[in-house]
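Okay, let's get going. Have the sequence and the model open, and I'll walk you through a few places in it.

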Amino acid sequence: MRLLRTGALLASHLLVGVAGFAGGIYMLPILTAPPAPSVEQVTSAQAEGRFRGVFRRDLQDSDRLHWGEGEVTLGRDAITLMGRLAPGPDYQLYLSPAFVETEADFARLKAQMVRVGPVKTFDNFIVPLPPAIDPARYTSVIIWCESFGQFITAARYRE
């Protein structure tokens, strides 16, 4: 009886520890995120946009915890989002020569993609576009979680 009780206590403490760790992984990016750019800042950056696309929640590998929605604009100096992303750690923005909506497609095409930079906010973002990267050489913008190898969202901005 004592062994059963000890096992139950150990299992319950382990379960609470795992749940706390998972909750921490989810909450840490939210708690440490810098302030999101204002609507005015994003609108101003979008005014010089050369390309536009839309992040949608209904992509194949998007789910309740991994999604994006809103209008993404690519300009000379920045890539912006007027919308939202599901919170998560280590999001990176990539440009791809082809539209992808699965982790397998991302892995297959990653060598042909270019990483633009980190996405640190979840309500709107402005990611600086390095001068050496020409968005006209690509067709799609992708948000990818490097830490967990997880597809978040993608948008086609030209054919």
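Which residues does Thr-102 touch, not counting residues up to four places away in sequence? They are Gln-60, Asp-61 and Phe-151, where contact means heavy atoms within 4.5 Å.

Before I go on, two bits of housekeeping. This is a predicted model, so local features need pLDDT of at least 70, side-chain atom pairs count only at pLDDT 80 or more, and totals for chains, interfaces and linings use all residues. Residues are numbered from 1 along each chain as its sequence is written, and side-chain values use heavy atoms, with hydrogens and water left out.

Back to Thr-102. You'll find Thr-102 in the loop between strand S4 (91-96) and helix H3 (103-109). The helices (H or I, at least four residues) and strands (E, at least two) I mention are DSSP runs, numbered from the N terminus. Why do I call Thr-102 buried? Because its relative accessibility is 9%; buried means under 20% relative accessible area, exposed over 50%, partly exposed in between, with a 1.4 Å probe and protein chains only. A polar atom of the Thr-102 side chain lies 3.0 Å from the backbone nitrogen of Asp-105. That's a polar contact: a pair of N or O atoms within 3.5 Å, where within protein one must be able to donate a hydrogen and the other to accept it, and residues adjacent in sequence count only if both atoms are side-chain atoms.

Now another threonine, Thr-121. Thr-121 sits in the loop between strand S5 (114-119) and strand S6 (123-128). Thr-121 counts as buried because its relative accessibility is 9%. Its side chain reaches the backbone oxygen of Asn-124 at 2.6 Å. Leaving aside neighbours within four places in sequence, Thr-121 is in contact with Pro-34, Pro-35, Ala-36, Pro-37 and Leu-85.

On to the sheets. One open sheet has four strands in the order S1-S2-S3-S6, with antiparallel pairing. Two strands pair if DSSP finds at least two bridges between them. S1 and S6 are the edge strands, each pairing on one side only. Neighbouring strands of this sheet are turned by 15° against each other on average, direction ignored. Helix H2 (residues 39-46) packs on the sheet, touching S1, S2, S3 and S6, and its direction makes about 140° with that of S3. For those angles, axes are lines fitted to C-alpha atoms, for helices over the stretch in contact, and angles run from 0 to 180 degrees between N-to-C directions.

Let's go through that sheet strand by strand. In a regular strand the side chains alternate between the two faces of the sheet. Strand S1 (residues 51-55) has a covered face with Phe-51, Gly-53 and Phe-55, and an uncovered one with Arg-52 and Val-54. S1 pairs with strand S2 (residues 68-74) over five bridges, in the antiparallel sense. Across that pairing, Phe-51 stands opposite Leu-74, and Gly-53 opposite Val-72.

Is S2 enclosed or open? S2 is largely enclosed by the rest of the structure, because five of its seven residues are buried. From S2, a hairpin of three residues leads to S3. S2 and strand S3 (residues 78-85) make seven bridges in the antiparallel sense. Val-72 has Leu-81 as its bridge partner in S3, and Gly-68 stands opposite Leu-85.

There's another open sheet of four strands, in the order S5-S4-S7-S8, with antiparallel pairing. S5 and strand S8 (150-156) are at the edges, each pairing on one side only. In this sheet, neighbouring strands are turned by 25° against each other on average, direction ignored. S4 and strand S7 (residues 140-145) pair over six bridges in the antiparallel sense, and Val-141 in S7 is the bridge partner of Leu-95.

One loop residue to click on is Pro-131, between S6 and S7. Pro-131 is exposed, with a relative accessible area of 85%. Its C-alpha atom is separated by 7.9 Å from that of Arg-76, 55 residues apart along the chain.

Finally, the overall layout. The chain is divided into domain 1 (1-32) and domain 2 (39-156), with bounds from an automatic or database domain assignment. The C-alpha centres of the two domains lie 34 Å apart.
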